[in-house]
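These are my notebook entries on a structure I wished to look up point by point. I recorded helix packing, then the metal site, then the backbone.

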Amino acid sequence: MLKVHICGVGDGDCIVIELPDGRFGLIDSYILPGSDVSPALDILAGKELAFCCLTHPDKDHLLGMADIIRAKNIDVGEFWYALSDLHGILKIWTNPTFYGGSTPVSHRWVEQQNGPLVDLFDAVADEIKHENLKTKLGVQAQDVGGVQFVVFGPDDATWNRYRARLDRARCECARVPKRYNNRLSICILMRYGDHAIWLLGDLPRAQLRRLPTREHNEQLPIARMGAQASMLKVPHHGAADGLFDEISETLMRDSNNDVVAFSASGSDMHPHPSVWKYWTETNKRIAATWTGNADPSESVSSGATAHLVDQCTRPICESRPRDVLITVPSSGNIAVEYLDSDD
Ligand SMILES: [Zn+2]
């Protein structure tokens, strides 16, 4: 049995994978509002973590991860990331002049924005053996605990453009637009038994469109199985840039038993109304990391005909986070349950 535990952390990702061999994996970490601790810290206590993956260097994917890596009661194996030349990148990111001059304000800004990232890589350097640091660029496949992981890191063109943008920013002492980080996002295709599962990080549409071609071009032995999944985590917390026409047909099977999961706050633009409308109209089962005072008629009025798992609609006002636990058998239907934080 494979379990995917999507922690309810609002507009962020914190995904704990329970592997069939009893070990665990962590894909990103974030904290609950009003807390400075990742919910994964409790879930993973006393457990063996086969890998810890930072999809991309944004706060809503990394806060709390350093504590997990330093935790004495969590045994961390590999660390997966997509920042080759980390030394050069951190040197730019942590240079106050890059953020508008060497003033107390720019120093404080650097501290707040990049301090957690530097702290994370300090923890990685202290706690994880050098041979277990795995830079994920391009497409790579491996078996971990009985699950096939196809990891898509940034391709050469994306990586080179990012480096060029960083160099330009250094010359101009200007910030790199935040959206560039999302283009670096690792995304993962897991294969277990009859099921394939996409965890799409914060990847924007230009990169999303290329995923099936990239897998095919790499001629991976398991590529023959196709990239159509029975579960998909919607990219970028449901933001509008994580949608393209026919994303469902391109990346998923055509079955009403398929599960589409949102890791988002359920308010503001996460998910964006167009993204919510698109996925609910696919008629697949929707699972989301929020609950609230939503009026279920909203989804009806948007024309949605989806089978909403436990009526998770897109609230307009207040919402509160909850965890989604997805159980994937080697064959048969995927099960979805909610773990309310108040329980
Ligand atoms: Zn994010």
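**Entry 1: Helix α4 against helix α5**

I noted that α4 and α5 are roughly antiparallel to each other. The model is a predicted one, and I read each entry below with that in mind. I looked up the angle behind this description: the axes of α4 (residues 86-93) and α5 (residues 104-127) cross at roughly 155° and come within 10 Å. Angles over 145 degrees count as roughly antiparallel, so the term applies to this pair. I recorded the crossing of α4 and α5 as left-handed.

I then listed the residues that meet. From α4 these are Leu-86, Leu-90 and Trp-93, and from α5 they are Val-110, Asn-114, Leu-117, Val-118 and Phe-121. By class, I found seven nonpolar residues, one polar residue and no charged residue in the contact of α4 with α5.

**Entry 2: Helix α4 against helix α6**

I turned to the packing of α4 with α6 (residues 156-172), where the angle is about 35° and the axes lie 11 Å apart. I recorded a left-handed crossing for α4 and α6 as well. On the α4 side I listed Ile-89, Ile-92 and Trp-93 as making the contact, and on the α6 side Trp-159, Tyr-162, Arg-163, Leu-166 and Arg-170. The contact of α4 with α6 holds six nonpolar residues, no polar residue and two charged residues. I marked Trp-93 in my notes, since this residue appears in the contact with α5 and in the contact with α6.

**Entry 3: The zinc ion**

Which protein donors does the zinc ion have? I found Asp-60 (OD), His-61 (NE2), Asp-202 (OD) and His-237 (NE2), at 2.0 to 2.1 Å from the ion. Along the chain I wrote their spacing as D-H-x140-D-x34-H. The four donor atoms subtend angles of 87 to 152° around the zinc ion, and the arrangement is therefore irregular.

**Entry 4: Backbone**

I followed the donor His-237 to the loop between β11 (231-233) and α9 (247-251). His-237 is not a glycine, yet its phi is positive, near 55°.

I also looked up the peptide bond from His-270 to Pro-271 and recorded it as cis, with omega near 5°. Pro-271 is placed in the loop between β12 (259-262) and α10 (273-280).

Terms used:
Residues numbered from 1 in each chain as written. Predicted model: local features only at pLDDT ≥ 70, side-chain atom pairs only at ≥ 80, totals over all residues. Heavy atoms only, no water. Axes fitted to C-alpha atoms, helices over the stretch in contact; angles between N-to-C directions. Helix = DSSP H or I, 4+ residues; strand = E, 2+ residues; numbered from the N terminus. Parallel < 35°, antiparallel > 145°, perpendicular 65-115°, else oblique. Left-handed = near helix turned anticlockwise from the far one by under 90°. Contact = heavy atoms within 4.5 Å. Nonpolar A, V, L, I, M, F, W, Y, C, P; charged D, E, K, R; others polar. Donors = N, O, S within 2.8 Å, 3.2 Å for Na, K, Ca; no water. Tetrahedral: all angles 85-135°; square planar, octahedral: opposite > 155°, others 65-115°.
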